[in-house]
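Colleague: I would like to learn how to read a protein model. Could we go through one together, feature by feature?

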Amino acid sequence: MRNTVLAGAAVLALILGAGAASARDLPPGGLTRQDVAAWLQQHGLKGDIHNDSSGESIVSSTSPAGVNFDVYFFACSGERCASIQYAGGWTPLALGTPDRINTWNRDKRYVRAYLDKSNNVWGEYDVDIDPGGSWEQMDKSLSRWESQIADFKTYFNGG
């Protein structure tokens, strides 16, 4: 019996160790816009690189729920950036009131909501990706963003 328990523990240790060793690390310094565009495309999403209205280079996409979103880049050194931000926004919505924004921010953990000076409703989610980021972390952040932004759209559209 004891040999069986020890053998089982050894197998479990190998499995857990193999899982940790198989993480796919991000490049040192983070990701480029081209990296993010290609990664989104690998997930069946568009990944268009362009400049936003203020001239900042971003990547735009659309979630499976039909929500257009942008990826902004922060803490950059050259082309590589150590932090990204998913962002989606809507023109003024009847349900985009300060009380509903506050309720969303109190009850939801990842995507924060706010109104801009034109009363557009925004949802944003920040992710630090360097040092120590992995492609698995990126995949999880995208999955979380897609889920939360679909809920966000429903919450603020009343549907």
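Colleague: How many disulfides does the count come to?

Modeller: Keep in mind that this is a predicted model. A pair of cysteine sulfur atoms counts as a disulfide if the two lie within 2.5 Å. By this rule there is one disulfide. Cysteine 76 and cysteine 81 are its two ends, with an S to S distance of 2.0 Å.

Colleague: What is the handedness of the link between cysteine 76 and cysteine 81?

Modeller: The link is right-handed, with 100 degrees about the S-S bond.

Colleague: Is cysteine 81 buried or exposed?

Modeller: Buried means under 20% relative accessible area, and exposed means over 50%, with partly exposed in between. Cysteine 81 has a relative accessible area of 0%, so cysteine 81 is buried. Cysteine 76 has 38% and therefore counts as partly exposed.

Colleague: Now the sheet. What is the order of its strands?

Modeller: The order in this open sheet of six strands is 1-2-3-4-6-5, and the pairing is antiparallel. Strand 1 (48-51) and strand 5 (112-115) are the edge strands, each pairing on one side only. On average, neighbouring strands are turned by 30 degrees against each other, direction ignored.

Colleague: Over how many bridges do strand 4 and strand 6 pair?

Modeller: Strand 4 (residues 80-90) pairs with strand 6 (residues 121-128) over eight bridges, in the antiparallel sense. For one residue, look at tyrosine 86: its bridge partner in strand 6 is tyrosine 125.

Colleague: Which strands does helix 4 touch?

Modeller: Helix 4 (residues 135-157) packs on the sheet and touches strand 3 (68-77), strand 4, strand 5 and strand 6. The direction of helix 4 makes about 165 degrees with that of strand 6. Helix 3 (residues 98-107) lies across strand 5 and strand 6, and runs at about 165 degrees to strand 5.

Colleague: That leaves the backbone. Which peptide bond is cis, with omega near 5 degrees?

Modeller: Most peptide bonds are trans, and most residues other than glycine have a negative phi. Here the bond from aspartate 130 to proline 131 is cis. Proline 131 sits in the loop between strand 6 and helix 4.

Colleague: What is the phi of alanine 75, and where is alanine 75 placed?

Modeller: Phi of alanine 75 is positive, near 50 degrees, and alanine 75 is in strand 3. With a relative accessible area of 55%, alanine 75 is exposed. Asparagine 119 also has a positive phi, of about 65 degrees. Asparagine 119 is in the loop between strand 5 and strand 6, and at 45% relative accessible area asparagine 119 is partly exposed.

Technical notes
Residues numbered from 1 in each chain as written. Predicted model: local features only at pLDDT ≥ 70, side-chain atom pairs only at ≥ 80, totals over all residues. Heavy atoms only, no water. Pairing = 2+ DSSP bridges. Helix = DSSP H or I, 4+ residues; strand = E, 2+ residues; numbered from the N terminus. Axes fitted to C-alpha atoms, helices over the stretch in contact; angles between N-to-C directions. Contact = heavy atoms within 4.5 Å. Buried < 20%, exposed > 50% of the residue type's maximum accessible area, 1.4 Å probe, protein only.
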